[in-house]
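Visitor: I am new to this structure and would like to learn how to read it step by step. Could you show it to me before we begin?

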Amino acid sequence: MNLNRLIFLFVIILLAGCNQKQEKVAKELETKLESNPQSASETKDYLKEIAEFSLNFSPKGAYSLDSIPKDVIKSFKELRKVNKDAHEKYVTLIFTKLYAEHLSCCHQGYLMETFPASKSEYDFDALTMVNEFAFMTNYLEQDELPEAWSSGIIEKWLTENPRLLKYEPTGKCYEQIKTFSKKIENGEFWE
């Protein structure tokens, strides 16, 4: 009976010590965040947020790119500063899913962006998924803007970067793209 009381007392002391240490760490973190408010944004887990969003992104129709919330796009922009490989992986997945949806629903790619004739009229810093794609690919040159980009541009990116197809969700979407493209080429949707 005495042994049980000793064990109980020992466990209580351990728990109290752990609780004090946790409170101390929490107070230190709170103090650090108060003294440097910018570090609060650094504690946000952009990778987790973007991974979850990208995997769950299920475009419906031609204009799905416009449905991505600005706060998610902002997280993509932050992720590129923290983890360029993850940024590339998930931007690629978003655009691969988008193009697969366009081919599935509408049997063609859709315009993602039309560019102004004058480079001074285009906002390269705007919070858009097209700008995230442009940053990732370096396809958009400030001196010579294309007339427009179609969702099919992802095929060029994947052809140049086949290593990205090793990521299973992107690889699966790309297989759908190839299947739909073959059906379109064979005229199966217009019979």
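**Aromatic rings and the helix beside them**

Guide: Let us start with one residue, Tyr122, which counts as buried because its relative accessibility is 11%, where buried means under 20% relative accessible area, exposed over 50% and partly exposed in between, with a 1.4 Å probe and protein chains only. Please keep in mind that this is a predicted model, in which local features need pLDDT of at least 70 and side-chain atom pairs count only at pLDDT 80 or more, while totals for chains, interfaces and linings use all residues. Residues are numbered from 1 along each chain as its sequence is written, and side-chain values use heavy atoms, with hydrogens and water left out.

Visitor: How is a pair of aromatic rings described, and which kind of pair do Phe115 and Tyr122 form?

Guide: In general, one gives the distance of the centres and the angle of the planes. Rings of Phe, Tyr and Trp (its six-membered ring) pair if their centres lie within 6.5 Å, and planes under 30 degrees apart count as stacked, over 60 as edge-to-face and the rest as tilted. By this rule there are 9 aromatic pairs. In one of them, the rings of Tyr90 and Tyr167 have centres 5.9 Å apart and planes at 90 degrees, so the pair is edge-to-face. Phe115 and Tyr122 also form an edge-to-face pair, at 5.2 Å centre to centre with 65 degrees between the planes, and Phe115 is buried, with a relative accessible area of 8%.

Visitor: Where do Tyr90 and Tyr167 lie?

Guide: Helices (H or I, at least four residues) and strands (E, at least two) are DSSP runs, numbered from the N terminus. Tyr90 lies in helix α5 and Tyr167 in the loop between α7 and α8, so their pair ties together parts that are 77 residues apart in sequence. Tyr90 is buried, at 7% relative accessible area.

Visitor: How many residues of α5 are buried, and what end-to-end span should the helix have?

Guide: In α5, 17 of the 23 residues are buried, which leaves the helix mostly covered. The expected span is 1.5 Å times one less than the number of residues, so α5 should span 33 Å, and its end C-alpha atoms are 32 Å apart, which agrees. Just after α5, His107 takes a positive phi of about 60 degrees.

Visitor: Which residues does Phe95 touch?

Guide: Contact means heavy atoms within 4.5 Å. Not counting residues up to four places away in sequence, Phe95 touches Leu65, Met112, Met129, Val130, Phe133 and Ile154. Ring pairs also link Phe95 into a cluster whose members include Phe115, Tyr122 and Trp149.
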